[in-house]
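Visitor: I should be grateful for a close look at one part of this assembly. Please concentrate on the places where its chains meet, and on the enclosed spaces that belong with them.

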Amino acid sequence: MTGLSLYALTGAGLTGLGLYGLIATRHLLRRVVAFNLLGSGVFLFLGAAAARGEGADPVPHALIITGIVVALSASALAVGLVVAQARLTGRATLPEEDTHGDDV
Amino acid sequence: MTFWLSLIATGLLASLAGALWRVWRGPRAADRMMGAQLVGTAGVAVLMLLAPAEGWATLDVALLLALLAALAAIGFAKATSPDGAGDPEEDGAGDPEEQQAAAADTTDGRADG
Amino acid sequence: MADLTTYVLTSVGLVFFVAGTLGLLRFPDVFTRLHALTKADNLGLGFIALGVALQAPSWREVALLAVIWVLALLAAGTASQLVARAARAEDEDSG
Amino acid sequence: MMPVFDATLCGLILAVALAAVAGRDVFRAIVFFIVYGLMLAVAWVRLGALDVALAEAAISGGLTAGLFLVAYGRLAAVGAADEPAGLLNPPAALAGCGLSAALGWAWFALPQPDRPAPQLAEALPRSGVENPVTAVLLNFRAWDTLLESVVLLTALIGVLMLARVGAWPGRPGLAQHVRPGGVMAGFGRVLPPVGLLVGVYLVYVGAERPGGAFQGGTVIAAVGLVATLTGAFRPPAVDAPGWRAALVAGPLLFLLWGLAGAVIGNGFLTFPPTLAGAAILAIEAALAVSIAVTLAVLVLGAPEQAARE
């Protein structure tokens with residue numbers, strides 16, 4: 001039981017780190033990375049919850065597998081948008097945030 | 001036996017801290033990439049060591065990690081080539097114009113192949 | 001007997017992995033670090049695969065372990081070549 | 001010993017995630033994210049979720065690494081790979097800590113599940129397969145999976161819409177070139193046959209053992225990515241009819257079978273138990289092809305090569 005709590009708390013920690021990265025990092029590619037951390041933190045939490053009791057519960061596992069694949073496709077779309085934005089403007093940051101960090 | 005194997009697996013994981021330090025520290029991109037490769041190899045070893053305790057189907061996961069381990073290095077080689085689609089082994093790998101010429105050659109050679 | 005051999009082989013494997021990590025940390029530049037990474041680690045993986053193979057319930061698992069090791073060798077050889085050449089191309093660019 | 005192993009693994013995962021969001025170097029963040037995915041695959045094994053571990057290993061170990069590194073190379077080519085200075089952001093840190101604390105509290109407040117889940121064990125023999133995860137994905141919650149395969153197609157349409165006018169309808173991604181007979185080209189010839197075999201094997205055994213359309217399809221997509229990047233395979237132009245057929249084969253077969261269920265069975269997507277096993281295998285095979293092609297093109301990106309030679 002303690003082992004599962006460990007994984008669940010790791011998942012909770014990952015979610016928080018992902019949220020922090022999503023807000024605090026400026027480079028859009030890093031935001032996509034942070035978004036993925038957030039998502040996989042939720043998956044880990046869900047996976048730990050599925051492993052309680054005797055025998056793992058397959059329903060959350062199926063949800064997580066679909067979630068991982070959807071997260072990849074969303075990331076691919078996001079990365080495509082980042083590359084397109086960088087080609088147009090020469091930057092990979094949001095224009096309204098492109099003040100080089102002096103307003104933080 | 002499971003105790004012993006998990007002991008070795010824990011030792012392997014602990015040794016990864018060194019590889020992570022190399023990824024953090026760099027100094028070059030190639031150093032970081034090597035750290036990631038080391039984690040990949042060690043991950044395969046850890047999964048092998050877990051197999052007797054967690055079920056032998058764990059080896060399928062190790063198989064996938066070993067199978068796709070080089071994809072990151074290929075992506076890295078692509079990322080460091082001037083036009084993002086080259087090969088560090090090509091002639092004039094540092095020169096975008098020559099690479100374009102090489103690309104045209106390859107394309108012609110393969111167009112009907 | 002098989003168990004004793006597993007103890008020995010997996011320990012040797014761990015030693016090679018630790019040596020590889022130490023090399024990655026201590027060697028001075030990209031190209032020397034590649035030695036540590038590619039040689040020591042894959043040797044270590046081979047010893048661990050052998051050690052685990054002695055515990056395998058059937059030949060299927062032994063064969064799978066061998067396939068995994070061969071694939072890891074192939075990947076490590078390719079990856080080290082590509083990383084080294086990419087680093088050298090970068091050197092030529094800047095120098 | 002296992003608690004120590006779990007603690008080490010969880011500590012490493014958190015450290016790697018922290019390293020991926022901290023600091024300023026974009027490339028370093030990407031490498032840490034690749035490492036993170038590898039470690040997560042080990043964590044899934046420890047949680048007894050082998051099906052998830054297979055998907056995670058194929059996606060994080062292969063596709064995500066390729067996606068982010070190739071994108072980084074393109075950003076570096078236009079000088080957009082550097083990150084502006086970002087200082088520590090206290091409100092964001094507060095939000096992150098708050099979310100973690102809330103989830104941590106929620107874990108200990110969760111009610112114990114009533115186990116073993118009796119309905120699932122009862123229903124499994126009627127599903128046509130022995131792997132419970134496959135049964136859930138393709139039978140009990142087939143709606144989710146059908147809609148997910150459509151989500152993948154939607155994401156692909158979004159990526160393809162980013163193509164520039166002159167490049168449409170070209171081959172997806174950049175024009176890859178390698179030194180003929182070099183290391184990269186050689187690897188691209190050796191790996192794909194083995195990888196394809198592993199992918200097909202995973203789809204086939206998905207009915208009884210961990211594996212299935214998603215895991216197998218992802219492996220095939222990663223193998224296709226290797227073959228394309230190493231110049232061993234040139235993907236067809238995005239408007240080639242066979243290519244489009246491969247994209248929709250899985251969702252279409254799934255949908256048709258669902259409608260057939262509405263006519264001959266008890267409703268949309270209900271499979272008669274006698275036919276379920278064969279139907280699931282057929283749908284899985286078609287889905288694996290669609291998933292493989294969709295994911296590979298998603299990672300390669302919109303066409304950027306001249307439309308026709």
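Guide: What follows is an account of the interfaces and then of the cavities in this predicted model.

The pairing of chains A and D is a suitable place to begin. Of the 4 pairs of chains in contact, chains A and D share the most contacts. In this interface, 86 residues of chain D are in contact with 77 residues of chain A. About 7,000 Å² is buried between chain D and chain A, and carbon and sulfur atoms account for 78% of that area. Across the interface of chain D and chain A there are 12 residue pairs in polar contact, with both residues at pLDDT 80 or more. On the side of chain D that touches chain A, at least two residues each come from H1, H2, H3, helix H4 (90-109), helix H6 (132-140), helix H7 (142-160), helix H9 (213-229) and H11 of chain D. The greatest contribution to this side is made by H3(D), with 13 residues. By class, the side of chain D that touches chain A comprises 60 nonpolar, 11 polar and 15 charged residues.

The interface of chain D and chain A contains 1 salt bridge. Its partners are Arg87(A) and Glu304(D), whose closest N and O atoms are 3.2 Å apart.

Glu304(D) leads on to the second largest cavity, since the name recurs there: among the 22 residues that line this cavity, those closest to its centre are Gly80(A), Arg74(D), Gly301(D), Ala302(D) and Glu304(D). The volume of the second largest cavity is about 220 Å³. Helix H3 (58-89) of chain A, helix H3 (50-77) of chain D and helix H11 (273-300) of chain D each supply at least two residues of its lining. H3(A) gives the most to that lining, with 6 residues. The lining of the second largest cavity divides into 16 nonpolar, 2 polar and 4 charged residues.

The contact between chain C and chain B may be described in the same terms. Here 44 residues of chain C and 46 residues of chain B take part. Chain C and chain B bury about 4,000 Å² between them, with 78% of the area on carbon and sulfur atoms. Leu24(C), Ile68(C) and Leu82(C) provide 13% of the area that chain C buries against chain B, more than any other three residues.

As for polar features, 6 residue pairs are in polar contact across the interface of chain C and chain B, both residues being at pLDDT 80 or more. This interface also has 2 salt bridges. One of the salt bridges joins the side chains of Arg33(C) and Asp31(B), at 2.4 Å from N to O. On the side of chain C that touches chain B, helix H1 (2-26), helix H2 (30-53) and helix H3 (59-94) of chain C each contribute at least two residues. H3(C) gives the most to this side, with 18 residues. The side of chain C that touches chain B has 29 nonpolar, 7 polar and 8 charged residues.

The largest cavity brings in elements of chains B, C and D. Its lining takes at least two residues each from helix H2 (29-54) and helix H3 (58-80) of chain B, from H2 and H3 of chain C, and from helix H2 (26-46) of chain D. The largest cavity holds about 280 Å³ of space. Of its 25 lining residues, Ala36(B), Gln37(B), Gly40(B), Thr41(B) and Ala69(B) are the closest to its centre. H2(B) gives the most to the lining, with 7 residues. By class, the lining of the largest cavity has 17 nonpolar, 7 polar and 1 charged residues. In total, the structure holds 7 cavities of 30 Å³ or more.

Two pairs of chains lack contact. Chain A and chain B are not joined by any contact, and their closest C-alpha atoms lie 12 Å apart. Chain A and chain C likewise do not touch, with 22 Å between their nearest C-alpha atoms.

Finally, the salt bridges may be placed in the context of the whole model, where the count over all chains comes to 10. Within chain D, the side chains of Arg46(D) and Asp6(D) meet in a salt bridge at 2.8 Å from N to O. This pair links distant parts of the chain, with Arg46(D) in helix H2 and Asp6(D) in helix H1 (residues 2-21) of chain D, 40 residues apart.

Definitions and conventions: Residues are numbered from 1 along each chain as its sequence is written. Chains are lettered from A and ligands numbered from 1 in the order in which they are written. This is a predicted model: local features need pLDDT of at least 70, side-chain atom pairs count only at pLDDT 80 or more; totals for chains, interfaces and linings use all residues. Side-chain values use heavy atoms; hydrogens and water are left out. Contact means heavy atoms within 4.5 Å. Buried area is the accessible area (1.4 Å probe) that two parts lose on being put together, summed over both. A salt bridge is a side-chain nitrogen of Lys or Arg within 4 Å of a carboxyl oxygen of Asp or Glu. A polar contact is a pair of N or O atoms within 3.5 Å; within protein, one must be able to donate a hydrogen and the other to accept it, and residues adjacent in sequence count only if both atoms are side-chain atoms. Helices (H or I, at least four residues) and strands (E, at least two) are DSSP runs, numbered from the N terminus. Ala, Val, Leu, Ile, Met, Phe, Trp, Tyr, Cys and Pro count as nonpolar, Asp, Glu, Lys and Arg as charged, and the others, Gly among them, as polar. On a 1 Å grid over the protein atoms alone, a cavity is a set of points where a 1.4 Å probe fits but cannot get out, and a pocket is an open set with protein on both sides within 12 Å along at least five of seven lines; lining residues have an atom within 4 Å of a point. Grid points are joined across faces, edges and corners, and a volume is the space filled by probe spheres set on the points.
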